Amino acid sequence: MDMEPYRGELTAFCYRMLGSVHEAEDLVQETLLRAWKARDRYDPARASVRTWLYRIATNVCLTALEGRGRRPLPSGLGAPSDSPEAPLTPALDVPWLEPFPDARFDVEARADLRLEWVAAVQVLPARQRAVLVLREVLAFSAAEVAAQLGTTVAAVNSALQRARAALADVRDAAAVVEPDDPEVRAVVQRYLRAFEAADVPALVRLLADDAVLEMPPVPLWYRGSGDYGRFLERVFRMRGAGWGMREVSANGLPALAAYAPAPGGGYRRHSLQLFTVADGRITRNVVFADPRVLDVFELPGEIPAGDFRRER
């Protein structure tokens, strides 16, 4: 029984359930270990290997979620800040939502890996969360999900209806274009060039009027291109100009790995900026600066001067 081909999609499933790539990888390992130990009891007449693995993974996730709170983004915890000079004090006691590194996993459907969607799903009770992902994202039948959860089809349909109602305000996946869309790439590349040039007016022109900027593990966040721009002025004042940026992809969305100028020359890894683009403007930028999160993207810690220019 070859279970390895399912590792990528199982990791994406566990990530949607828990909001953490680190935890998702651990739970997938636990799932495959349980499956290996139970392989003699697997009955192909009752379910495919994929369906059987998802039943194990679902129960592993539900056990892990017992007594656990959600993983939020800063915008899910309170009102936006109106002070671009507010202290950037990280809240290390909060289990923040983490980004998903697209390049590391072979996952076909990425629309429901969007950070905004995963953040919204975190609010649902664990079993509703499982029903929503299994039915809406992975397209298992109500009967299959009922078997996976040890419940009835009626209970599954009821949980799905409640989950849909709770997520009614989340932006439709169709409104978010793919990261390789030419218009999206053009917007992100203009942002890249403007950021490297420390050109705040050019950056602000790329923003929607109500653009959101948030920076976990720092709990404060900003709404509006004005405060966004004033905060960027602070960033360049503190860290200097001459940044380097590298294009990546996270949660099925365009992202930039930001490298600040190092005192001795070259660049030092600083953060990952994850963008939502709609109607030719950036509507949200979630900036992750936790080194443990950046390690998941296998980004080099330091890059010699000139390498960004040679890459492009």
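This is a short tour of three places in a predicted model: a helix, a strand and a single residue.

**Stop 1: helix H1.** Select residues 7-18 to bring up H1. How far apart are its end C-alpha atoms? They are 16 Å apart, which agrees with the 16 Å that twelve residues should span at 1.5 Å a residue. Now colour the buried residues: ten of the twelve in H1 fall in that group, including Leu 10, Phe 13, Tyr 15 and Met 17. What covers them? Show helix H2 (21-37), helix H3 (49-65), helix H4 (115-121) and helix H5 (126-137), which are among the elements that do so. Before you leave, click on Gly 19, which follows H1 and has a positive phi, near 75 degrees.

**Stop 2: strand E6.** Next, select residues 281-288, the strand E6, where seven of eight residues are buried. Add strand E1 (residues 207-215), which pairs with E6 in the parallel sense over four bridges. Here you can find Leu 213 opposite Asn 285 of E6. Then add strand E5 (residues 267-278), which runs antiparallel to E6 and is joined to E6 by seven bridges. Look for Leu 274, whose bridge partner in E6 is Val 286. E5 and E6 form a hairpin with two residues between the strands, and in that hairpin Asp 279 takes a positive phi near 55 degrees.

**Stop 3: Ser 225.** Finally, pick Ser 225 in helix H10 (residues 225-239). Is Ser 225 buried or exposed? Its relative accessibility is 16%, so Ser 225 counts as buried. Leaving aside neighbours within four places in sequence, show its contacts: Val 204, Leu 207, Ala 208, Asp 209 and Ala 211.

Key
Residues are numbered from 1 along each chain as its sequence is written. This is a predicted model: local features need pLDDT of at least 70, side-chain atom pairs count only at pLDDT 80 or more; totals for chains, interfaces and linings use all residues. Side-chain values use heavy atoms; hydrogens and water are left out. Buried means under 20% relative accessible area, exposed over 50%, partly exposed in between (1.4 Å probe, protein chains only). Contact means heavy atoms within 4.5 Å. Two strands pair if DSSP finds at least two bridges between them. The expected span of a helix is 1.5 Å times one less than its number of residues.
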